[in-house]
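Biologist: I would like to learn how to read a structure like this one, feature by feature. Could you walk me through it?

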Amino acid sequence: MQEETFKLAFFAWIEIPYFIDIDYEEVHPVNYKPEIEVQLRIKFRNDLLRIATSNKWVRCDYSKEVLENSNQETFLMPHYVTKNDLPRIKELVQTHKLPYLHIEKTETVVELHTEFDVSKSLYENIRQYGDIAILHPQVKFFNAEVLPKIASVVNTYRVATLPALRYKVSPISENLIEAAFIQIQDVFTGKTIQQWENGFDVHNHGRSMQHHVENLGVQSRFDLLINNPDSVEFELQFCSSYYLFHMRRWAEALIIASGVVDSLVREAIFTKLSESEASDLWQRNRNKYKDIFNKELPKLSYAKLCDDNQSLWESFVNAKDNRGGGAHGAVIGSFEPGQQEIILSHLRTFYSVARWLSIQNGRPWQLDIARTGEEISLF
């Protein structure tokens with residue numbers, strides 16, 4: 001005999017920090033888990049308000065911090081509502097004696113919704129023990145399944161909208177979107193079973209790094225560099241490349257990183273020769289990077305990279321070829337599988353070559369930071 005099943009609803013809301021004035025609602029087949037494919041409805045909305053009350057489970061351990069009403073039933077406040085829902089929300093605030101209610105406008109919210117069946121035994125286990133982790137989507141669900149589809153809509157809107165608005169519409173990436181608010185509901189009763197927040201910053205940046213500031217001497221490094229801003233010209237360009245990488249703007253990140261290497265090569269040449277000799281050498285060889293590294297720089301008493309670090313040289317040649325493809329016609333998809341790892345490898349190569357050139361030229365590399373004797377890489 002087939003076991004009875006219960007239908008659960010998955011909702012998620014993702015905020016985009018700028019206004020997108022379009023009607024878009026489509027259903028997409030996605031892998032909620034590796035073995036579970038669902039039909040996911042994706043809808044762009046401009047009519048939602050964000051609700052904040054004293055229910056602070058979002059910032060705490062929700063299993064301990066949720067409010068309980070007089071019947072000791074778990075009470076979870078909705079996080080996104082429409083204007084028509086406000087009377088009901090205000091009534092809930094009064095009923096549960098919450099100390100305050102904040103109502104905040106949102107620019108654009110992407111609403112996700114799907115439904116799936118669970119067995120009766122699993123459902124009862126969830127209700128009895130509160131262990132709903134088994135119903136969570138796969139770890140890469142949002143980054144691999146959802147964000148690419150949102151990005152496609154936003155990219156189309158960037159082209160379709162007016163020039164005066166277009167410059168405000170940034171490409172979608174984990175750097176732009178902080179988190180998704182998720183809610184699991186019982187379809188039959190309408191009861192919310194659990195809520196939680198999914199963070200998109202898979203690189204764990206932001207305030208989580210703040211505790212390193214004092215330990216790594218950031219203030220002393222800043223004090224030293226602020227009096228000589230020209231000393232960080234090349235490093236600043238790599239910071240731009242780093243930003244573009246985390247915005248998934250692969251081609252631009254590679255072009256800037258490669259350009260820093262070219263600029264350091266030029267500086268190395270102009271440091272050793274008169275301006276007229278250096279200009280002539282640079283004009284003749286600026287597009288022949290292999291000749292510059294293997295012939296011209298050694299003539300000027302610089303080390304030969306391929307002899308000094310053969311593996312770095314081979315990676316550099318590969319990165320230069322990839323950079324050329326990205327700059328001259330090859331389209332690099334921002335969410336194309338495996339592309340992030342490839343771009344990251346090339347950026348690390350350009351970074352290492354730039355650092356090598358800077359040190360060869362007697363110039364300190366200002367992005368060097370050591371933790372317990374180990375250098376921390378920018379990428």
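Biologist: Let me start with one side chain: which residues does Asn-285 touch, not counting residues up to four places away in sequence?

Modeller: Happy to begin there, and please keep in mind that this is a predicted model. Beyond those sequence neighbours, Asn-285 touches Asp-291, Ile-292 and Glu-296. Asn-285 itself belongs to helix 10, which covers residues 275-285.

Biologist: Is Asn-285 buried or exposed?

Modeller: Here the cut-off helps: buried means under 20% relative accessible area. Asn-285 counts as buried because its relative accessibility is 6%.

Biologist: Can we try the same reading on a strand residue? What surrounds Ile-182?

Modeller: Ile-182 sits in strand 10, residues 179-186. Its relative accessible area is 0%, so Ile-182 is buried. Leaving aside neighbours within four places in sequence, its contacts are Phe-10, Phe-11, Ala-12, Phe-142, Gln-194, Gln-195, Trp-196 and Asn-198. Take Gln-195 from that list: the residue is 13 places from Ile-182 along the chain, and their C-alpha atoms are separated by 5.5 Å.

Biologist: And for a helix residue, what does Phe-245 touch, not counting residues up to four places away in sequence?

Modeller: Phe-245 lies in helix 8, residues 233-246, and it counts as buried because its relative accessibility is 4%. It touches Trp-250, Ala-253, Gln-340, Ile-343, Leu-344 and Leu-347. There is also a pair of residues to compare along the chain and in space: Phe-245 and Asn-175 are 70 residues apart in sequence, with 9.6 Å between their C-alpha atoms.

Biologist: How do I put such residues in the setting of the whole chain?

Modeller: Use the totals. The protein chain has 14 helices and 13 strands, and buried residues make up 41% of its 379 residues. Among contacts between residues at least 6 apart in sequence, 71% join residues at least 24 apart.

Biologist: Now the strands. How should I read their pairing?

Modeller: The general idea is that strands of a sheet pair through backbone hydrogen bonds, either parallel or antiparallel. For a case here, look at strand 2 (residues 25-33) and strand 3 (residues 36-45), which run antiparallel and are joined by eight bridges. A hairpin of two residues connects strand 2 to strand 3. To follow one bridge, start at Asn-31, whose partner in strand 3 is Glu-37.

Biologist: Which strands are at the edges of the open sheet with the order 7-4-8?

Modeller: That sheet has three strands with antiparallel pairing. Strand 7 (80-81) and strand 8 are the edge strands, since each pairs on one side only. Strand 4 (residues 49-53) is joined to strand 8 by five bridges, and Ala-52 has His-102 as its bridge partner in strand 8.

Biologist: What about the span of a helix? How far does helix 14 reach?

Modeller: The idea is to compare the distance from the first C-alpha to the last with the span expected at 1.5 Å a residue. Helix 14 (residues 339-360) has 22 residues and reaches 32 Å, close to the expected 32 Å. After helix 14 comes Gly-362, with a positive phi near 75°.

Biologist: Which residues have a positive phi although they are not a glycine?

Modeller: Lys-97 and Ser-301 are two to look at. Lys-97 has a phi of about 55° and lies in the loop between helix 2 (86-95) and strand 8 (101-105). Its relative accessibility is 74%, so Lys-97 counts as exposed. Ser-301 has a phi of about 75° and is found in the loop between helix 11 and helix 12 (305-308). Ser-301 is exposed too, because its relative accessible area is 64%.

Biologist: Last topic, empty space inside the protein. How many cavities of 30 Å³ or more are there?

Modeller: Two. The largest has a volume of about 50 Å³, and its lining includes Asp-262, Trp-282, Arg-286, Ile-292 and Lys-320. By class, the lining has seven nonpolar, no polar and three charged residues. Helix 9 (250-272), helix 11 (289-299) and helix 13 (310-327) each supply at least two lining residues.

Biologist: I recognise Ile-292 from the start!

Modeller: Well spotted: Ile-292 touches Asn-285, and Ile-292 also lines the largest cavity.

Technical notes. Residues numbered from 1 in each chain as written. Predicted model: local features only at pLDDT ≥ 70, side-chain atom pairs only at ≥ 80, totals over all residues. Heavy atoms only, no water. 1 Å grid on protein atoms, 1.4 Å probe; cavity = no way out; pocket = protein on both sides within 12 Å on 5 of 7 lines; lining within 4 Å. Points joined across faces, edges and corners; volume = space filled by probe spheres on them. Nonpolar A, V, L, I, M, F, W, Y, C, P; charged D, E, K, R; others polar. Buried < 20%, exposed > 50% of the residue type's maximum accessible area, 1.4 Å probe, protein only. Contact = heavy atoms within 4.5 Å. Pairing = 2+ DSSP bridges. Expected span 1.5 Å × (residues − 1).
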